[in-house]
Amino acid sequence: MKLALIGGGGVRTIFFCQSLAKYAEKVGIDEIRLMDKDAEKLHTFGLLAKYAVRETSNLKVVLTESFEEAVTDVDYVVTAIREGGDEGRIKDERTALNRGVIGQETTGAGGFSYAIRTIPVMKEYMGIIQKKSKNALVFNFTNPAGLVTQALYEAGYHNTIGICDNATGTKIELAEALKVNARDLLVRVYGLNHLTWADCVKLHGVEILPELMKKEDFIQHYHDFLYYDRDLIRHLKALPNGYLYYYYHRERAFENIVNAKMTRGETILKLNREMMERMREINVEKNPARAFEVYQQVMQARNDAYMSVELGGQKVVKIPLDLEKLGIPQLAQPREHIEVLEGYAGVALNYIEAREKNRMTDLAINVPNKGAIDFLLDDDIIEATCMIDKNGAVPLKIHNIPEENQLLIRQVKLYERRTVEAVKEKSMELGTLALMSHPLVGSYSLARQLMEDYRKAHGEYLGDWK
């Protein structure tokens with residue numbers, strides 16, 4: 001089988017190919033095609049990807065700047081594009097901040113701007129995939145993943161699964177913290193992309209979350225709680241997605257971002273430019289080993305800086321949980337080896353394995369609701385834990401969602417539906433109504449100003465909007 005990675009000039013391509021190399025033979029993939037419009041980045045990171053997998057796999061790695069060539073006769077496609085590049089992300093952030101609202105790249109105004117210039121491109125790509133591929137299943141990792149997947153599904157491209165390593169990360173983080181294998185855990189996640197809660201954790205089929213939430217050591221030290229006030233965590237009685245920080249501590253996040261020397265986007269752009277400069281000096285083709293060392297150094301710096309802007313420069317330090325203090329019998333014999341699903345590559349590859357081998361697997365992905373959350377429409381794209389086999393994905397049904405969570409999900413889904421309609425109609429007014437609907441904006445006059453600002457900032461993409 002063949003798989004295409006669209007956006008193959010991205011810095012995470014190396015990680016993707018390394019993960020694929022481990023799974024390739026197991027799932028039957030013998031070729032990956034890396035496609036990107038940026039020839040230099042494709043060459044640089046494509047060569048590093050080839051270097052990274054050279055000793056562990058016979059996987060064939062093909063580089064191409066042609067989208068049609070990349071998807072012709074492939075069985076699976078992963079999309080990870082950034083329309084407008086890092087510079088576009090910075091415009092999204094700064095435009096929002098200048099109007100007094102959070103400009104994070106997937107959440108709120110920044111995510112809206114990212115979506116409206118990305119959805120048309122993704123629709124065009126899906127049309128080509130439909131004509132050229134072997135009826136390929138498409139894993140959409142392009143942000144904002146849930147909103148883009150919603151737009152594609154509404155356009156009739158039902159061969160799309162939205163993936164996000166953040167949702168799967170909930171299970172991975174918990175498995176690492178509890179020193180158990182991820183495959184031994186069932187973590188039920190529900191909500192929308194970057195707006196989820198985990199309300200059920202089963203280890204070997206036994207529910208353990210209520211007991212975990214009673215333990216002060218877990219409340220104080222569990223990694224994913226470190227963004228939040230602990231009284232809030234006690235109230236939620238669930239594991240919140242890290243992006244809920246922007247909703248639960250909005251003014252704190254905004255103040256920290258405004259007072260920082262650089263936004264997250266500006267930090268990423270700086271690191272990426274420095275990496276490319278060093279790659280040119282090293283010459284990846286002649287000295288791939290040294291180039292790979294530099295790559296690892298820069299990626300570590302990126303990881304260390306994650307959420308540091310929003311947290312006022314603080315670094316989240318993981319403190320190991322004292323498993324004895326948790327007093328849960330199922331944790332009495334922790335296993336040294338921890339099985340990890342390895343980011344968005346792991347999500348896609350575990351799905352492929354479940355489908356091709358008919359092996360029942362649970363994954364948190366973005367799929368049509370189909371009654372899983374009773375107050376949403378069947379064709380609303382949700383992010384939820386699904387059971388997957390040869391017949392595809394079926395989301396676990398969620399009952400008794402707290403009213404406050406319901407309200408947040410309803411409001412953000414309304415924003416998503418309106419955004420999809422605004423892009424379809426190329427309507428400034430519908431775009432304004434979409435932004436007004438988002439809880440991090442919540443004002444018509446402010447939304448109108450933002451809509452005008454984004455049209456000016458991204459005129460090449462929105463020039464014909466009226």
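Is Y454 buried or exposed? Y454 is buried, with a relative accessible area of 0%. That residue gets a close-up of its own below, along with several other spots in this predicted model.

**View 1. Y454, a buried tyrosine in helix α19.** Helix α19 covers residues 444–457, and Y454 sits in it. The side chain of Y454 comes within 2.8 Å of the backbone oxygen of D92. Look around Y454 and, beyond its neighbours within four places in sequence, you'll find K91, D92, T95, A96, A109, G110, S113 and L462 in contact with it. For a sense of scale, try V62: 392 residues separate Y454 from V62 along the sequence, and 37 Å separate them in space, C-alpha to C-alpha.

**View 2. R33 in strand β2, with its side chain at T72.** V62 turns up again here, this time as one of the residues touching R33. Strand β2 takes in residues 31–35, R33 among them. How much of R33 is accessible? Its relative accessible area is 12%, so R33 counts as buried, the cut-off being under 20%. The side chain of R33 reaches to 2.6 Å from the backbone oxygen of T72. Setting aside neighbours within four places in sequence, R33 is in contact with K2, L3, A4 and L5, with V62, and with E69, A70, V71, T72 and V74.

**View 3. V138 in strand β5.** With a relative accessibility of 0%, V138 counts as buried. Where does I161 lie relative to V138? The two are 23 residues apart in sequence, with 6.2 Å between their C-alpha atoms. I161 is also one of the residues that V138 touches; the others, leaving out residues up to four places away in sequence, are V77, T79, M126, I129, N159 and T160.

**View 4. N143 and P144, joined by a cis peptide bond.** Follow the chain on from β5 (137–140) and you come to N143, in the loop that leads to α6 (145–154). P144 lies in that loop between β5 and α6 too. The bond joining N143 and P144 has an omega of about -15°. That's worth a second look, because most peptide bonds are trans. N143 is buried, at a relative accessible area of 16%. A polar atom of the N143 side chain lies 3.4 Å from the backbone nitrogen of A145. Apart from neighbours within four places in sequence, N143 is in contact with E105, T106, Y114, T118, V148, N193 and H194.

**View 5. H194 and K370, two residues with a positive phi.** Most residues other than glycine have a negative phi, so these two deserve a stop on the tour. H194, a contact of N143 in the previous view, has a phi of about 60°. You'll find H194 in the loop between β7 (185–192) and β8 (195–203). K370 has a phi near 45°, and its place is in the loop between β11 (361–368) and β12 (381–389). How do they fare for accessibility? H194 counts as buried at 3% relative accessibility, whereas K370 counts as exposed at 56%.

**View 6. Helix α6 packed against helix α17.** Helix α17 covers residues 403–425, and its axis is 10 Å from that of α6. The angle between α6 and α17 is about 55°, so the pair counts as oblique. Their crossing is right-handed. From α6, the residues taking part are L147, Q150, A151 and E154; from α17, they are K413, Y415, E416, T419 and V420. Sorted by kind, the residues of this contact come to 4 nonpolar, 2 polar and 3 charged.

**View 7. Helix α17 again, now with helix α18.** Which way does α18 run relative to α17? The two pack at about 165°, with their axes 8 Å apart. That makes α17 roughly antiparallel to α18, which spans residues 428–437. The crossing of α17 and α18 is left-handed. On the α17 side, Q411, L414, Y415, R418, T419, E421, A422 and E425 take part, meeting L430, G431, L433, A434, M436 and S437 of α18. This contact divides into 7 nonpolar, 4 polar and 3 charged residues. If Y415 and T419 ring a bell, that's because α17 also uses them to meet α6.

Conventions: Residues numbered from 1 in each chain as written. Predicted model: local features only at pLDDT ≥ 70, side-chain atom pairs only at ≥ 80, totals over all residues. Heavy atoms only, no water. Helix = DSSP H or I, 4+ residues; strand = E, 2+ residues; numbered from the N terminus. Buried < 20%, exposed > 50% of the residue type's maximum accessible area, 1.4 Å probe, protein only. Polar contact = N/O pair within 3.5 Å; in protein donor to acceptor, adjacent residues only side chain to side chain. Contact = heavy atoms within 4.5 Å. Axes fitted to C-alpha atoms, helices over the stretch in contact; angles between N-to-C directions. Parallel < 35°, antiparallel > 145°, perpendicular 65-115°, else oblique. Left-handed = near helix turned anticlockwise from the far one by under 90°. Nonpolar A, V, L, I, M, F, W, Y, C, P; charged D, E, K, R; others polar.
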